[in-house]
Amino acid sequence: MQFSLHTGDATRASGDLLVIPLFEGDLGPSAPEPLAAADAAFEGKLRAAAAQEGFKAKAEQSFVIHTLGRLGAERVLLLGLGARARYRPEVLRLAAGRAAKTAQRLKVTSLAIAVPTTSHADEALRATVEGLELGAYRFDKYKASAKEDKGGPKLGRVALLLPEGVQKDKALDGAVTLARNVAEAVNWARDLVNEPPNVVTPTRLAQAAQEAAKDAGLKATIGGRKEIERLKMGMFLGVTAGSVEEPKLIHVAYIPKNAKDAKRPPLALVGKAITFDSGGLSLKPADAMVDMKTDMAGSAAVLGAMKVIGALKPPFPVHAFIGACENMPSGTAYRPGDILTARSGKTVEITNTDAEGRLVLGDILTWACEHKPATIVDLATLTGACIVALGNYIVGAFGEDDEAMWSVLEAASNAGEEFWRLPISDLQKDALRSEVADMKNAGERWGGAINAALFLKEFVGDTPWVHLDIAGPSTSPKERGYFGKGATGVGLRTLVELVRQRAADTHDEVPAPKPAKAPRKAAAR
Ligand code: BES
Ligand code: MN
Ligand code: ZN
């Protein structure tokens, strides 16, 4: 998609489709400029027609009509944003996503969108561009219909019409560039997750990491089974034992050019990368196994974030650590009853081979801690229990370091991703007590998401750490806003915001004031 910024009269914008996002009440006498102008070109009949069709600019409502030559554009799309009081950039991002999907259905190749007047034009612009790019995403390369369409109409040109009184400037150009980088990275991560598990094997995931690093000017180091053995990652080796695919150890590093910045304590990102989770010998039922190609969504988000971080160039190092393998049943598979020795030295009794993510992550977290990070954030499709608790749209956030937790929650809120903090309570600790080893890998069913977090906690020591269970929101069960059915790329935007936040704090350089007692609520903007 190509974006250009424009000021002036929306009715003169050419192209296949003019999109006018509207708040509830905008259809009344105080219509915003683009609607008022379009309505005038329709001799006052546009608003009447929309009203007649029941369009009230509620969130999720839209209204399309042919302009019959009355406007520069061939059609006009009125897009509901809901109540202005409830506005956040995410509302606009979702609406722009719907506009992109409508444009695709209408086989539109060029559109103009009137960015609505809000308190922060740069944020509105960013949300609009992200929503359009994310909403236009499709994964249909394996379908014959998509092959026939190849070279056919695709939404290519987008004119961004700035709100009244807002002039083009560098900051707005920057907002568009950032939005494009982020959305392209999210769509790249979505592809990795949506690709089938016979394509995205641990080897292919490592290749993707290498390509991403090369594009972004980062350093990628890939190890195989030998390296994992050398590092004595006994839990990782246990999980991969049943698979014929070679496991991969992936390290992607962004190191600032400036020597002083390069010495700052790094941020470490860890992502779960089970390219297919059959459950192993504790085999999953068929229905539960069918979507288990998504069990590497955490690593896809981390790698996608690294692509953006390479362009952002924050004044501190950022490392990504990933252990990629399959979880398969076979004659060489690890068994329930096995005792594995972690890189940290801890011994673990295997009570369920389907609790594999925490085993690989435990060894990877130990490895990450050896790089002395200031903070570790891990993303993992870790537990069905977290989906039971929070559903398909909300990320579960665990961690005992309040400052790290608040910064992640604030980043999520600014990114428009919904997170909810859950406790890591020692009350659940009995769940992991083993009779024969230091602990067992799977406890009782109750509190399953907490038990998994408690297990991971054993491997981070005192390092400030936030664990994000993305089992639910890593895929969307339906088309919604800028989401299609399938991979979402959740977490990536939050990681980017986290890095931007830390970069801003580092640049300020004054010793940071003690954080407030609660996460700053993202002001409605
Ligand atoms: N990858 C799954 C968790 C999952 C479930 C992700 C559904 C996405 C959708 C994980 O490895 C797993 O199997 N967890 C088990 C743990 C249990 C055996 C302690 C679970 O949640 O049932
Ligand atoms: Mn599993
Ligand atoms: Zn899994």
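What follows is a set of questions and answers on how certain descriptions of this predicted model are reached.

User: Why is K272 called buried?

Analyst: The relative accessible area of K272 is 3%, and the term buried applies under 20%, so K272 counts as buried. The residue sits in strand β9, which covers residues 267-277.

User: What makes the approach of K272 to ligand 1 a polar contact?

Analyst: A polar atom in the side chain of K272 lies 3.2 Å from an oxygen atom of ligand 1, and the cut-off for a pair of N or O atoms is 3.5 Å, so the pair is a polar contact by that definition. The side chain of K272 also has a polar atom 3.0 Å from the backbone oxygen of T381.

User: Which other residues have an N or O atom at such a distance from ligand 1?

Analyst: In D277, an N or O atom of the side chain is 2.9 Å from an oxygen atom of the ligand, while in G384 a polar backbone atom is 2.7 Å from a ligand oxygen. Both values fall within the 3.5 Å that the definition of a polar contact allows. There are 16 residues around ligand 1, and those that come nearest are K284, D295, D354, E356 and G384.

User: How do you know that L382 is buried rather than exposed?

Analyst: L382 has a relative accessible area of 11%, and because buried means under 20%, the residue is classed as buried. L382 belongs to the loop between β13 (375-380) and α14 (384-390), and its C-alpha atom is separated by 8.3 Å from that of A355, although the two residues are 27 apart along the chain.

User: What makes S243 a buried residue, and which side chain does S243 contact?

Analyst: With a relative accessible area of 8% against a limit of 20%, S243 is buried. Its place is the loop between α9 (234-240) and β8 (248-254), and a polar contact of 2.7 Å joins its side chain to that of E326.

User: Is T118 buried or exposed, and how do you know?

Analyst: The relative accessibility of T118 is 16%, which is under the 20% limit, so T118 counts as buried. T118 lies in the loop between β5 (110-114) and α4 (121-135), and its C-alpha atom is 9.2 Å from that of P89, a residue 29 positions away along the chain.

User: Why is helix α3 said to be largely enclosed?

Analyst: Of the 17 residues of α3, 14 are buried, so the helix is largely enclosed by the rest of the structure.

User: How do you know that the length of α3 agrees with what is expected?

Analyst: Helix α3 runs over residues 89-105, and at 1.5 Å a residue its span should be 24 Å; the C-alpha atoms at its ends are 25 Å apart, which agrees. Helix α17 (residues 492-508) also has 17 residues, and it reaches 25 Å from first to last C-alpha, close to the 24 Å expected.

User: What makes α16 a mostly covered helix?

Analyst: Helix α16 spans residues 448-457, and nine of its 10 residues are buried. Among them are I450, L454, F455 and L456.

User: What makes the phi angles of L68 and K313 worth pointing out?

Analyst: Most residues other than glycine have a negative phi. In L68, phi is near 50 degrees and thus positive, and K313 has a positive phi of about 50 degrees although it is not a glycine. L68 is in the loop between β3 (62-66) and β4 (73-80), whereas K313 is in the loop between α12 and β10 (318-327). At 64% relative accessible area L68 is exposed, and K313, at 56%, counts as exposed too, because that term applies over 50%. K107, just after α3, takes a positive phi of about 55 degrees.

User: How do you know how many cavities there are, and what lines the largest cavity?

Analyst: A search of the whole structure finds one cavity of 30 Å³ or more, and the largest cavity holds about 40 Å³ of space, so it passes that threshold. Its lining consists of V193, A297, A300, A301, S474, A487, T488, G489 and V490. Helix α12 (residues 297-312) gives the most to this lining, with three residues. By class, six lining residues are nonpolar, three are polar and none is charged, where Gly is counted as polar.

Conventions:
Residues numbered from 1 in each chain as written. Chains lettered and ligands numbered in written order. Predicted model: local features only at pLDDT ≥ 70, side-chain atom pairs only at ≥ 80, totals over all residues. Heavy atoms only, no water. 1 Å grid on protein atoms, 1.4 Å probe; cavity = no way out; pocket = protein on both sides within 12 Å on 5 of 7 lines; lining within 4 Å. Points joined across faces, edges and corners; volume = space filled by probe spheres on them. Helix = DSSP H or I, 4+ residues; strand = E, 2+ residues; numbered from the N terminus. Expected span 1.5 Å × (residues − 1). Buried < 20%, exposed > 50% of the residue type's maximum accessible area, 1.4 Å probe, protein only. Near = heavy atom within 4 Å. Polar contact = N/O pair within 3.5 Å; in protein donor to acceptor, adjacent residues only side chain to side chain.
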